[in-house]
Amino acid sequence: MIRNIFKRKDPIEAFWEWFVEHEEELYLIRDEHSVKLLKELDAVTSKVNRQLSFSIELEENKDKKRELTISAYGNPNNFPDVIRLVEAAPQLERFTIIAFNQRNDDDIAISSNGFEVSREDVFFTYEVDQEKEEFYLILYIKEFREDVEHSNAVLEFLEIVIGEYVLGTEITEIEFKKFNSEEGLLPINELPNILDQVKENKI
């Protein structure tokens with residue numbers, strides 16, 4: 001009986017208790033003046049998994065709620081914790097909770113250490129092994145250099161194109177190459193459609 005009294009609270013339960021208690025304050029966040037509150041949110045998130053991250057949309061969605069996205073920081077090993085955390089979310093008046101960074105069709109560029117990558121900079125080819133359910137992606141990127149670690153920026157960009165969960169679960173391996181010519185290559189905007197066709201066994 002004494003052991004139960006001092007039993008450590010489940011970090012997911014503690015996360016949502018804290019979130020409900022501060023929901024109104026979080027809803028009113030609009031700028032950098034809320035650093036202290038965001039640090040507290042980061043602390044309770046870290047107790048679930050130190051590698052999880054979050055983002056809060058500035059604008060309300062069609063339901064007049066703000067969106068809180070819980071991300072695995074691009075690491076598939078963290079996916080189960082994201083899923084458990086989001087599935088445990090209570091009904092919230094002011095927030096919609098989303099698992100994983102979602103695909104975004106806007107023309108967004110990612111910059112890192114002087115290297116910028118956008119949709120017009122990336123092309124691809126691919127190989128599919130339907131029997132093993134494996135998808136091999138070869139990316140061709142303008143101004144790409146392996147020795148400068150451009151691959152992290154490209155992966156962040158790819159997460160925008162197809163979504164974090166798809167990137168971590170539907171692509172077996174990615175090879176990075178410097179772009180030389182469009183001949184025989186597909187523009188990166190075609191990748192979501194290709195992946196959909198593969199799932200439907202149309203390729």
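Buried residues make up 38% of the 203 residues in this chain, and the model is a predicted one. Show the whole chain as a cartoon to begin. Its secondary structure comes to eight helices and nine strands. Along the principal axes, the C-alpha atoms fill a box of roughly 65 × 40 × 35 Å. Of the contacts between residues at least 6 apart in sequence, 63% join residues at least 24 apart.

**Stop 1: the sheet of β1, β2 and β3**

Select residues 53-56, which are strand β1, then residues 66-71 for strand β2 and residues 95-99 for strand β3. Together these three strands form an open sheet in the order β1-β2-β3, with mixed pairing. β1 and β3 are the edge strands, each pairing on one side only. From one strand to the next, the twist averages 20°.

Now keep β2 selected and colour by burial. How many of the six residues of β2 are buried? Five of them are, so to speak of β2 as mostly covered is fair. Look next at the two sides of the strand. β1 runs antiparallel to β2, and the two pair over four bridges. β2 and β3 pair in the parallel sense, over five bridges.

Show side chains for a few of the paired residues. Phe54 has Ile70 in β2 as its bridge partner. Ile70 also has a bridge partner in β3, namely Ala99. Elsewhere in this pairing, Leu68 stands opposite Ile97 in β3.

**Stop 2: Asn61**

Select Asn61, in the loop between β1 and β2. Is Asn61 buried or exposed? Asn61 counts as buried because its relative accessibility is 18%, and the cut-off for buried is under 20%. Leaving aside residues up to four places away in sequence, Asn61 touches Glu67 and Thr96.

To move on to the next part of the tour, draw a distance from the C-alpha atom of Asn61 to that of Lys142. The two atoms are separated by 35 Å, and the residues are 81 apart along the chain.

**Stop 3: the sheet of β6 to β9**

Select residues 122-129 for strand β6 and residues 134-141 for strand β7. Add residues 173-178 for β8 and residues 186-187 for β9. These four strands form an open sheet with mixed pairing, in the order β8-β7-β6-β9. Which strands are at the edges? They are β8 and β9, each of which pairs on one side only.

Return to β6 and β7. They pair in the antiparallel sense over eight bridges. Show the side chains of Phe124 and Leu139: Phe124 stands opposite Leu139 in β7.

Now add helix α6, residues 151-162. α6 packs on the sheet and touches β6, β7 and β8. The direction of α6 makes about 120° with that of β8.

**Stop 4: helix α8**

Select residues 191-199, which are helix α8. α8 lies across β6, β7 and β9, and runs at about 170° to β7.

Which residues of α8 are buried? They are Leu191, Pro192, Ile194, Leu195 and Val198. These residues lie on the same side of α8, because they cover an arc of only 160° around the axis. A view down the helix axis is a convenient way to look at this. As background, an α-helix has 3.6 residues a turn, so residues three or four places apart point the same way.

To find what covers the buried residues of α8, show the surrounding elements. The cover includes β6, β7, α6, α7 (164-169) and β9.

Before leaving the helix, select Asn201. Asn201 follows α8 and has a positive phi, near 60°.

**Stop 5: where α6 meets α8**

Select α6 and α8 together and hide the rest. Two packed helices are described by the angle between their axes and the distance between the axes. For α6 and α8, the axes come within 9 Å and cross at roughly 65°. The crossing is right-handed.

Show side chains at the contact. On the α6 side there are Leu158, Val161 and Ile162, and they meet Leu191, Pro192 and Leu195 in α8. By class, the contact has six nonpolar residues, no polar ones and no charged ones. Leu191, Pro192 and Leu195 were also in the selection of buried α8 residues at the previous stop.

Definitions and conventions:
Residues numbered from 1 in each chain as written. Predicted model: local features only at pLDDT ≥ 70, side-chain atom pairs only at ≥ 80, totals over all residues. Heavy atoms only, no water. Axes fitted to C-alpha atoms, helices over the stretch in contact; angles between N-to-C directions. Left-handed = near helix turned anticlockwise from the far one by under 90°. Contact = heavy atoms within 4.5 Å. Nonpolar A, V, L, I, M, F, W, Y, C, P; charged D, E, K, R; others polar. Pairing = 2+ DSSP bridges. Buried < 20%, exposed > 50% of the residue type's maximum accessible area, 1.4 Å probe, protein only. Arc of directions from axis to C-beta.
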